[in-house]
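Work through the exercises below with the sequence and the model at hand, and try each task before reading its solution.

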Amino acid sequence: MKRLIARFIKDERGATAIEYGLIVGLIALGLTVGAGKLGDELNLSYERLSVKISGWFK
C-alpha cells in the first residue's frame with residue numbers, strides 16, 4: 001500500500017495535463033480578445049472609408 005501511495009504522489013502526469021490545459025486556455029483567451037479588437041478596428045476603418053466614399057458622390 002505504501003508503494004501505491006508513493007507512486008501516486010510521484011506521478012506528475014495529471015499536473016502536466018492541467019498545465020497544458022491552462023496554456024491552451026490562455027492562448028484561446030488571447031486569440032478571442034485579439035480577434036475582437038481586430039474586428040473593432042476593421043469596422044472603424046470601413047466606416048471611415050464609407051464616409052469618404054459617400055462624400056465623393058454628393
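UniProt positions are given in the numbering used here, its feature names are shortened, and its annotations may be inferred rather than shown by experiment. The model is a predicted one, in which local features need pLDDT of at least 70 and side-chain atom pairs count only at pLDDT 80 or more, while totals for chains, interfaces and linings use all residues. Residues are numbered from 1 along each chain as its sequence is written, and side-chain values use heavy atoms, with hydrogens and water left out.

**Exercise 1.** Find which residues UniProt lists as "transmembrane region", and describe the chain there.

Solution. Start with the record: an unreviewed UniProt entry gives residues 20-39 under that name. Next, look at the secondary structure, where helices (H or I, at least four residues) and strands (E, at least two) are DSSP runs, numbered from the N terminus. Residues 20-39 are 100% helix and 0% strand, and 28 Å separates the C-alpha atoms at the two ends. Finally, turn to the whole protein, which has two helices and zero strands.

**Exercise 2.** Decide how the overall dimensions of the protein compare with those of a compact globule.

Solution. First take the radius of gyration, computed over C-alpha atoms, for which the globule rule is 2.2 Å times the number of residues to the power 0.38. For 58 residues a compact globule would come near 10 Å, whereas the protein has 26 Å. Then consider the C-alpha trace, which spans about 85 × 10 × 10 Å along its principal axes. As a last step, examine burial: 0% of the 58 residues are buried, where buried means under 20% relative accessible area, exposed over 50%, and partly exposed in between (1.4 Å probe, protein chains only).

**Exercise 3.** Place Ala15 and Thr16 in the fold and classify their accessibility.

Solution. Ala15 belongs to helix 2, and Thr16 lies in helix 2 as well. Ala15 counts as partly exposed because its relative accessibility is 40%, and Thr16 is partly exposed because its relative accessible area is 30%. For distances, compare C-alpha atoms: Ala15 and Thr32, 17 residues apart in sequence, are 26 Å apart in space, while Thr16 and Ile5, eleven residues apart along the chain, are separated by 19 Å.

**Exercise 4.** Locate Leu42 and say whether it is buried, partly exposed or exposed.

Solution. Leu42 sits in helix 2, which covers residues 13-56. With a relative accessible area of 42%, Leu42 is therefore partly exposed.
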